[in-house]
Amino acid sequence: MPIIELRHIHQSFGASKILNDISLTISRGGFTSILGPTGSGKTSLFRLIAGLDEIDSGEVYIDQRLATRDSQILLKPHKRNVGLVFQDIALWPHLSIYKNLEFPLKSLKYPKDKIVKRIHEMIDLMNLKGLDKRYPHQLSGGQQQLAGIARALVADPDIILMDEPLASLDYHLKKDLRKKIKRIHETSKKTFVYITHDQEEAFELSDEIIIIDEGRLIEKGKPEKLLTDPAQDFTRYYLNPPSHH
Amino acid sequence: MKIMKWILMAVLMVSSCSRDKNVVVVYTSEDQQFSQPVLKDFEKETGIQVKALYDTEETKSTGILNRLIAEKNNPQADVFWSGDPMRSILLKRKGITASYTPKNAQNIPKLFKDKEGHYTGFSARVRALIYNKNLLSKDQLPKSILELTDPKWKNKVAIANPLFGTTSFHIAALFIVMGDEKAKDYLLKLKANGLHILKSNGDVRRKVASGQIPIGFTDSDDINVALLDHKSVGFIYPDENGIGTLVMPNTVSLIKGSPNNQNAKLLIDYLISKKVELKLAQMECAQIPLLAGVHGPKGVLSIQSIQSMKIDYEAAAIKLTEILGFLKQWIED
Amino acid sequence: MKRHFALFAVIVFFFLLFGLLPIIFLVIRSVQEFLASDTHLIVYLLKKSNLDLIKNSLSLSLIVSGISLSVGVFFGTILWGVQLRFKKLFKLSLLIPLIIPPYIYSICFERMFYKESLLGGLLSILGLGEQTIQSILHGMTGSAIVLCGIFIPITSLIVSTLFSRISSSMIDAARTCSSDFRIMLRIVLPFSKHGLISIFFVIFLLTLAQLEIPNFFSLNVIPFEVLTQFAAFHNYSLSMMASLPLFLLSLIIFMMEVILIKKSDLLANKVKLGKMDLFHSSRTLFALSLFIFIFILIYLPIGNLFSRNLSLTFMVQLISESTTEIWNSLYLAFLGATFLTLFGLAMALLKTDRRFPFKSSIDFFSIFSFIFPNIILGLALILFWNQENPLSSFFYTSSLIILFAYLFHFNIFPQRILSDHLKQLPRSIEEAGMLAGAGKIKRIIFLILPNIKESIITSFLLSFLFCLGEIGTTIFIYPPGFQTLPIKIFTMAANSPEHVVSGLAVLLILLILIPAVSVLVIQEMRRKYAHH
């Protein structure tokens, strides 16, 4: 049973077409990466799944519910049960880490005792103990992204959407965080949708990869299958550029 | 610091305009639309360049009068052309004007000129009442301003701020003709009767013309402007049989220590002339000629036909300085 | 180090010349006069009428700054975060009140309610005659509405640029868990707190110094008492003393701003720009409310002015009669804007220099000179500069004296615009130049100025517009024979028929609009060109 289903999505910005007839499903509890070169339309997919943007035509289903139809957003972002993680982290700089985690829970009207409990769970999970009173700018880049992931998870969403969350971190931090994300996915059993242009990341993390280019869906499949037996030439070319040989 | 040098250079460049010798500098509180054409004519006829500084009662004449006072020690102006005698008298008392008797001065009635020649009056305006024809019929009109304290005029009368302009002159004149006690009593009763105190005479004209207030005190030139603008207004010269109507001539003075003394005298002589009086009578302000034997066009009153208030203008000017405090209190309470 | 002090010394020197020295001169004289008179300062200041003035001034400022900020936040949110058609047109329309002198705007506003005009006619059908409306507008109400009409548009624009400093992903992150209203309340507003407080105080100060508009609606405020003492009583010393409460209040407001807005560098993050689409389902309603506001407080009053029997031949005649004034105005505004931008730049450079010890004095200078009453500045300049020596009479008898007043009065605008932009520049720009061995002046000219080009242009334009519309001080010090167009309108308004005044006002508006619009068009074209 898919948790996300896109049907014939078209989207354009001005004269330029961004998404061209994309249909796909993402299954519950999986780790799906959307992989593609810069400008392929990855971020647009991320935004329309979250309900941040309208589309020209097509339908978006979240958990079997029609969420977006054409230019109408039927299910607002905060009703879709998704958490977002960004490349630029986007913690609210005027709020402490504690308050950053508190905001989603308060907005979704969690009871007070549950809020405190949940925040402490998250802080433990992300190894942010003792940093909850600090403000985002007082943390290191890696710690900030951990807090960002904690914020996405805190309200217990069904779907976690990540848009290149590691792109601005250095090599070692990247490796650490990748492991951490993998572990969180395994223990939480939530659906992760991971947007990246980094193949290494996609192959290490995902159990399914969707390849898009120039707004079109190229291919979807298990990582091993794409690597060894791709159905499309683009996939082969993109995953194994000739210069590597 | 190269930049500073350039800035200084630029400043010097832009400001190094040549200074003409054949000029006359005149400060005038007569409305620009009436004074400017007269001064332009003078320029054309004499070839003397007129540098004018305009002001208006609407701005409370803050500019010119205060400027003349502030410039006392190093006068820049040659001639002061005032819209009424009060300001000229004030300047005389502050020692800012000089004595000069223009060529035609002997043909101006004594009432309208200074004994010592510090100012000479010409083309005059009159204090009058303006009323809205749609709100008041002829038989409802008052004959005297004293009637306006009657309850039937409650909330129906407007006057400009008495601290400024011709209104201050008018009130001071009332203090002279009525005596302090009676005048104060009259003003208090007027205020108690719901008098509207507005910003300016022009404001009185506008509010009466638009029908917001039925009747108000203002100047004859304001009334004429409203008439020419096809407003439904009429006017009365009150107290024809009593204390009389206040006549307010333009006045012109020579500034003491004026830089262009000869040109200044030429301009003053020019202003006190049949030609200028006719011009000011023909314009929208319809001012009344004062020179003996000069008659304005049809529709403009002659000075002989008005029962003018017989007061010593200088006494009124002195009185004004005494009552300003009372007037300020009167507005504020 | 030495360079800072040299620059500071130059700024102080000019400040002294432009106004500070004349003012000190006048203050000493006034205090002497005041001590010689038998008025007691405390008794005078605490008179009931004076307390009423203070009450009026404070209430008006509070009302205007409160309403302007609230409505400005609402419209600013719409301009920033809501998907709208014609957003650019809305923004352009909101610029109009800024460039029209307040005095002209009051005329426009009052005439909007005349029976013959659209709104006035409509209201009179509804039973609201001119008289009723005038009595409603009289005093506080009218003053507050007109001032809000002037301040709300600019506040909306500033608020929308303030909000656009928030990274779009920060908003996106909030949208997945919160309603848009809560995002505004908990994320956007607290994030922009300092900017909003600053806007509130600036409007408060601007309203406090207002004379023309409250006077137009016969509301007595402190500046009017200053004028009365001056114009009716010719009492300079009492006039100075009457402006004392104005000063103290402004000083308090200034101190409050300084205290409330501490250094907020933590917010100077890299900003990710993205599409904003808040309040999606209410956007039609929001667009409508913005349109109604713009229509009633901008299009109607100003459009009404244009419709008043203005034939082309009449306008041509008016222009030919006013060419001298038009040239004078343009000439002065151009010079004023040029020097203001240079002067503002110097102040901004000092203010943003971390090693300069008297940074806060720059803002103090600016605010002091901005809130200083026009009339007294005029008087001070005359008394100081009208001396019998060739240098001062050279300044006094030329139009330079007006430039002094402009520089003294308006430097806060270029200073603030430029220093805000300078603060946002990454320090690496200058450091890279330092490593390359470029001297301070070279670094400023070749590295810093190109990066703040937009703000320099904005400063110039804004200064140009302010100079072009100035009346308060200019009327007091303009040299004989050097009238500007606003002064002409002001002096002509007294006794001219309505269509002459309207015609002149239209002329001034066109004069302001033509360069403003052409600059916008040029910018737009260059942007498009850059895209291809």
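These legends describe close-up views of a predicted model.

**View 1. Which chains touch in the predicted model.**
Two pairs of chains touch, and chains B and C share the most contacts of the two. Chain A and chain B do not touch. Their nearest C-alpha atoms are 41 Å apart. Chain C is in contact with chain B. Chain C also contacts chain A.

**View 2. The interface of chain C and chain B.**
On the chain C side, 59 residues take part; on the chain B side, 57 do. About 5100 Å² is buried between these two chains. Carbon and sulfur atoms give 58% of that area.

**View 3. Polar and charged pairing between chain C and chain B.**
One salt bridge is counted between chain C and chain B. Its partners are Glu225(C) and Lys328(B). The closest N and O atoms of this pair are 3.1 Å apart. Helix 13 of chain C, residues 222–231, gives the most to the side of chain C that touches chain B. That helix contributes seven residues. By class, this side of chain C holds 33 nonpolar, 17 polar and nine charged residues. Across the interface of chain C and chain B there are 11 residue pairs in polar contact, with both residues at pLDDT 80 or more.

**View 4. The interface of chain C and chain A.**
Here 25 residues of chain C meet 26 residues of chain A. Together chain C and chain A bury about 2300 Å². Of this area, 61% is on carbon and sulfur atoms. Within chain C, the residues that lose the most area to chain A are Arg175(C), Thr176(C) and Cys177(C). These three account for 26% of what the chain C side buries.

**View 5. Salt bridges and helices where chain C touches chain A.**
Two salt bridges are counted between chain C and chain A. One of them joins Arg47(A) to Asp172(C). The closest N and O atoms of that pair lie 2.6 Å apart. The count of residue pairs in polar contact between chain C and chain A is nine, with both residues at pLDDT 80 or more. Two elements of chain C give two or more residues to the side that touches chain A: helix 9 (168–175) and helix 10 (180–191). Helix 9 of chain C supplies the largest share, six residues. By class, the side of chain C that touches chain A has nine nonpolar, eight polar and eight charged residues.

**View 6. Confidence along chain A.**
Chain A has a mean pLDDT of 89. In this chain, 98% of residues reach 70 or more. Confidence is lowest in helix 8 of chain A, residues 233–239, with a mean of 84. Confidence is highest in strand 4 of chain A, residues 57–62, at 94.

**View 7. The two domains of chain B.**
Domain 1 of chain B covers 2–124 + 249–297. Domain 2 of chain B covers 125–246 + 317–332. Their C-alpha centres lie 28 Å apart. Each domain puts 20 residues into the contact. The area buried between the two domains of chain B is about 1600 Å², and carbon and sulfur atoms give 60% of it. The count of salt bridges between these domains is zero. Two residue pairs are in polar contact across the interface of domain 1 and domain 2 of chain B, both residues at pLDDT 80 or more. On the domain 1 side, helix 4 (85–93) and strand 5 (120–132) of chain B each supply at least two residues. The largest share of that side, five residues, is from helix 4 of chain B. The domain 1 side divides into nine nonpolar, three polar and eight charged residues.

**View 8. The two domains of chain C.**
Domain 1 of chain C spans 1–38 + 329–486, and domain 2 of chain C spans 45–306. The C-alpha centres of these domains are 26 Å apart. Contact involves 25 residues of domain 1 and 26 residues of domain 2 of chain C. About 2300 Å² is buried between the two domains of chain C, and carbon and sulfur atoms give 83% of this area. Zero salt bridges are found across the interface of these domains. Residue pairs in polar contact, both at pLDDT 80 or more, are also zero there. Several helices of chain C each supply at least two residues of the domain 1 side, including helix 1 (2–36), helix 19 (359–371) and helix 26 (453–469). The domain 1 side has 18 nonpolar, four polar and three charged residues.

Methods:
Residues are numbered from 1 along each chain as its sequence is written. Chains are lettered from A and ligands numbered from 1 in the order in which they are written. This is a predicted model: local features need pLDDT of at least 70, side-chain atom pairs count only at pLDDT 80 or more; totals for chains, interfaces and linings use all residues. Side-chain values use heavy atoms; hydrogens and water are left out. Contact means heavy atoms within 4.5 Å. Buried area is the accessible area (1.4 Å probe) that two parts lose on being put together, summed over both. A salt bridge is a side-chain nitrogen of Lys or Arg within 4 Å of a carboxyl oxygen of Asp or Glu. A polar contact is a pair of N or O atoms within 3.5 Å; within protein, one must be able to donate a hydrogen and the other to accept it, and residues adjacent in sequence count only if both atoms are side-chain atoms. Helices (H or I, at least four residues) and strands (E, at least two) are DSSP runs, numbered from the N terminus. Ala, Val, Leu, Ile, Met, Phe, Trp, Tyr, Cys and Pro count as nonpolar, Asp, Glu, Lys and Arg as charged, and the others, Gly among them, as polar. Domain bounds come from an automatic or database domain assignment. pLDDT is the predictor's confidence in each residue, from 0 to 100.
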